[in-house]
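Please explain this structure to a reader who has not seen it before. Start with one strand and its partners, then turn to the nonpolar cores.

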Amino acid sequence: MKKKITFCSLNPQMRLLGLLTLFFICANAFSQTICRPVSQTNSAGGGLLCLGVDVNSPANAYDSAGLSTYATLTNGVAVLGCFAEETLTLNQTARAGDQVAIYFGTGNGLLDLSLLANATVQAKNSGANVGSSVALNSPLLNLNLLSGNTVAVAKFPITGDTNQIQIQVGGGLLSLLVSLRVYDVRLEFAQPTVSGGLSQTVCAGVPTTLTATPAAGTSLAWYSSEFSTTALAVGNTYTTPALTANTTYYIGITRAAGCEGNVRVPVVLNVSNPLIPGISNVGTTVCSTGATQQTTLSVVNVAPGTTYNWYSSATGGPVLASGTTYSPTVPLGTTQFFVEAAIGSCVSSRTPVSVVSTAVPITPTVLTQSVTIQSGQNATLNASTTEVGAQLNWYETSTGGTAVATNTATFTTPILTATKTYYVEAQSPNGNCVSATRVPVTVTVQPAALGGCLEASSQVTSQVGVCLLCNATNPNFSVDGNPATATRLTLPANVLGSMQQTLQFTNPGKAGDIVDVDLELPGGLADVQLLSVISLATYNGATYNNDRVAINNPLITLQLLSGTRYRASVTAGANFDRVEVRLGGVLGLITNLDIYQAAYRYKAPVVSGNTAICSGQTATLNANLALGETIRWYDALTGGNLLSSTASFTTPALTANTTYYVELTRNGCVNSVRNPFAVTVDSPVAPTAISTVPANLCSGETTTITIQSPVAGTTYNWYDAATGGTLVFTGTSFVTPNLTVPTTYYIEAVIGACLSTRTAVNVNVNPRPAAPVPVSSSVIIQSGQNVQLSVVSSPGVSYLWYDAPTGGTLLQGTGSNTYIPNPVLTANETFYVEAVSTASDCRSTSRAAINVIVTNTVSTCLQPSTQAITVDPGLLCVLCNGVNGT
């Protein structure tokens, strides 16, 4: 079977040899053309006993195969001057300053430099020695061992024109070196002088022009690598592109065209790219206690070998300071600085640094001068600052710690069960600086309320805004449960400021409850209008109920208690748990106010039912109770008898107005007062004193009936029947219609739904007599003649004679049924007669007319021609007769 051999199956020595062989082949194939010898001569012998002295493969010493082939100079057993030498002819004449690089080894592993003493190198110029020979281990040769220490390179300096190099082994009394391998001989030309040196620092991003001054007779080419075959530039200068990383360029040197010196001169460009400085935030924010303040700025990304320069402008300008730190003195406001990093002539862009200097805020003013609460309550604290835009932060510690409230002038504590101190500090509007100290505010926590369940048991006393010298004396006296002690608020005279005390109740109240605050003006009060400087307002926690009102406002009830002490009462418009009493706001009026206590009363419950009843009836009263409320009914404002403990209460039968009293309890707390509820008992009285004018009527007339002394609040209804019937009138004075017959009216007194019995009022109506009947309705007489007018007489009737059908002049009022006009008539005239009842004085509805016709002459045709007198022989005609009938 055919064995398969791979590279990995070779032993390590074979693999290394293969790799070296491949390297040398590739290097020879692709590397630049190196100046080497072009021919050689060699010789061996010269001594008494020269065994094994020879030169083997001499051309391999310059065959361009690199270190893969070699010539061997063997001295064998050599005594008394035996040597082996090889003289190599260069392809051009080397000049002083050039070098010849000889690559050699012994083939015996590690080189022992001490054995090289009898191997020498001699420069020649066309056979003539140039200078003295030099042993291979001489310090003059600049000997360097290559990797593995089996091959060395000796740099032989040329001191004059040289076109040959002779290498000799032996020639001495005793040869210590048996064999010398010469791998390669290469020409190295004098190196140029590079401006700036072989290692230079250049700035990143900036093209650099490299300049080299060649040795006499040499020319230069610039390469990107040690072995590159394509030159970047030919000549004494080369301009690099803009570099961002360290880069090495190589200078190739030639004397004659066609080959290059063995070694390219490396020019190392260290690209300097100074890091843009990073600046610590420390020192960029300054809290100044004066007009200026010093601060220290520092670079955080300090790089070795870098200089840091500080400026006041983004470009140009003088250097203010150099170093990793800079300590300027800055004014209030923002000051701009710039810092750049420099390495040599290379500089970074400048980093701007803004230093904000802020004045240390003024220590805040605590408006809350005193706070006392009950265990389980919270407190509201207030502070202020005169610095525009400054914010106030609250802490539980005098220094450090975490704020419990930020950017607020008002802080409401959590529920507290023990006395606790809070601290407030001012912070500048930009948030950079805080006041020098924090101001403490102590909240005193009492274990239990000292007053009743409807009294204020906690207080917060504070000033409103800036109020110089404003203060409070004995702030806890208003919540100590003692009505004889008081807190005093004081304002200096002629100071426009305010002091206030907020009194918190143990139990919260509801809208409609009445808040009572007992106050006193120590100096007395001459003008009630000055009370406008005292106001009340309610809050529900921190929520203002928007109900502040001066106590001289009609919405406030003022009750004088004694002397200069009074009670101000206000009805709460919303749920509340505290009342605020404020003094001030008007310049120089009242300077002291005493606050004794604050309490509240429950609003009276809404009671529905028949609160107005008739005598002898009962009333049912229903109280509308809220959740948590209970009620008790009493017959007296204090003490008295408990009548009921339910929301609905029915009275006994009542005959007089009666007041009942309600005692309300809310969540176990009994109201401080009882609310009265009156039941009105209505008992209307039938009218008795009644006038009728006129009392007697003639048929067709009206009369006015009037109730004498009517009772206020009573309504009087008039009917046409004793019960039921038709309502004909409501009021106290009734004008009847025209009546023709006697009529009775009935009057009823009414209060609400309550009615009296009806009172009867009789109206007497008399009939009128019939109109008179004339005996003759037309009478003819001669002018100047008397005449008697008459009407038929009726019993019980008298007659009135007039000159007009209505109205007119009464001509005769004797009641006679006859009437003789007087004076006698000389012209036609009509007379009118009216019948009058002698019993009722009622008159006939119309008058009878009698016409009298008056003539001046008597016509014969009108005169009678005959006459006859007859006498009725009736029983009543006694002595009746007639005379002068003709």
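**A strand and its partners**

In this predicted model, strand S44 pairs with strand S49 (residues 576-584) in the antiparallel sense, over 6 bridges. Within this pairing, Ser 535 stands opposite Arg 582 of S49.

S44 also pairs with strand S46 (residues 549-550), again in the antiparallel sense, with 2 bridges. Here Ser 535 appears once more, this time opposite Ala 550 in S46. Ser 535 therefore has a residue opposite it in S49 and another in S46, as can be followed in the model from S44 (residues 534-540).

A further partner is strand S45 (residues 543-544), which runs antiparallel to S44 and is joined to it by 2 bridges. Tyr 539 has Tyr 544 as its bridge partner in S45. The two strands, S44 and S45, form a hairpin with 2 residues between them, and Gly 541 in the turn has a positive phi of about 70°.

How enclosed is S44 by the rest of the structure? Of its 7 residues, 6 are buried, so the strand is largely enclosed. Buried here means under 20% relative accessible area.

The nonpolar cores come next. The largest has 52 residues, and Leu 136, Phe 156, Ile 165, Ile 167, Leu 180 and Ile 251 touch the most other members. Leaving aside neighbours within four places in sequence, Ile 167 is in contact with Leu 73, Ala 84, Glu 85, Glu 86, Leu 88, Ile 102, Thr 120, Leu 180, Val 182 and Val 185. Apart from this core lies another, of 36 residues, including Leu 503, Phe 505, Val 581 and Leu 593.

Notes:
Residues are numbered from 1 along each chain as its sequence is written. This is a predicted model: local features need pLDDT of at least 70, side-chain atom pairs count only at pLDDT 80 or more; totals for chains, interfaces and linings use all residues. Side-chain values use heavy atoms; hydrogens and water are left out. Buried means under 20% relative accessible area, exposed over 50%, partly exposed in between (1.4 Å probe, protein chains only). Helices (H or I, at least four residues) and strands (E, at least two) are DSSP runs, numbered from the N terminus. Two strands pair if DSSP finds at least two bridges between them. A nonpolar core is a set of buried Ala, Val, Leu, Ile, Met, Phe, Trp, Tyr and Cys residues joined through side-chain atoms within 4.5 Å. Contact means heavy atoms within 4.5 Å.
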